[in-house]
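User: Could you take a close look at one helix for me, and walk me through what it packs against and which charged pairs it takes part in? Keep it informal, please.

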Amino acid sequence: LLRELQAAEVTAPVVMISGQATIADAVAATRAGAFDFLEKPLGRDRVMVAIKNALEQGTLRRENRIRTVQGSVAIDGNTLSLEQVTAVLEGKRVLGSPRELEEVQNALEAYALAPRLDPGSERDLLRAHRVLVNGLAADAGRWRTSGVAVWKGAKVAHGAPPFRRIPQRMADLLTFVREDTEVPALIRACV
């Protein structure tokens, strides 16, 4: 059931209830995404606490998603406020440049897609890229095919690696993410 809800992109927290489950069933359900797992017979107070906690978690996740998206697009100069990003998420009309609105919409879509992506997969990395820059860049979902640099005035502040080396460098990075168990996963995720 949980996999079907995830496949349908249902984002509401799920509280599973069973009268015959084992501890292994409860662990499996929470690993699969259930917020909580309750055993019958149910007490009213326990159910109310589970529902309250699930709703609070949903609110916190939504707020974190909005802050993450707004902060991420701000790095590239997007000027939309938290309130404007919230309005985009809610499907409301927002006054802003079409490009900035597209950046926010794309980031929201990528955020929603993230749980279904494999962080060590080139295909999934390019899929996320395609979603993030859809309508903003001609090479959405593909490795770049030209040189790029960051300029400060008339001087190059940072020159990126040559485009021909990108596929191998990314393959090396993804291998590191998947296979290097000496470095904690949190640190590997930041590289």
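Analyst: Here is a walk along helix α3 and its salt bridges.

First, some ground rules: this is a predicted model, where local features need pLDDT of at least 70, side-chain atom pairs count only at pLDDT 80 or more, and totals for chains, interfaces and linings use all residues. Residues are numbered from 1 along each chain as its sequence is written, and side-chain values use heavy atoms, with hydrogens and water left out.

Helix α3 covers residues 44–75, which makes 32 residues. Helices here are DSSP runs of H or I with at least four residues, strands are runs of E with at least two, and both are numbered from the N terminus. From first C-alpha to last, α3 reaches 47 Å, close to the 46 Å expected at 1.5 Å a residue; that expected span is 1.5 Å times one less than the number of residues. Just after the helix, G77 takes a positive phi of about 95°.

Now for the inside face. A50, A54, I66, V69, Q70 and V73 are the buried residues of α3, where buried means under 20% relative accessible area, exposed over 50%, and partly exposed in between (1.4 Å probe, protein chains only). Their packing partners are two strands, β1 (15–18) and β2 (36–39), plus two helices, α4 (82–89) and α5 (98–113). Contact here means heavy atoms within 4.5 Å.

On to the charges. A salt bridge is a side-chain nitrogen of Lys or Arg within 4 Å of a carboxyl oxygen of Asp or Glu, and by that rule the count is 6. One of them stays inside the helix: K52 and E56 meet at 2.9 Å, N to O. They sit 4 residues apart in α3, about one turn of the helix. K52 counts as partly exposed because its relative accessibility is 48%, and E56 is partly exposed too, at 39%.

The other pair to look at reaches out of the helix. R62 meets E90 at 2.6 Å, N to O. This pair links distant parts of the chain, with R62 in α3 and E90 in the loop between α4 and α5, 28 residues apart. R62 has a relative accessible area of 29%, so it counts as partly exposed; E90 is also partly exposed, at 39%. There's a third member as well: R62, E90 and K92 are linked in a network of salt bridges.
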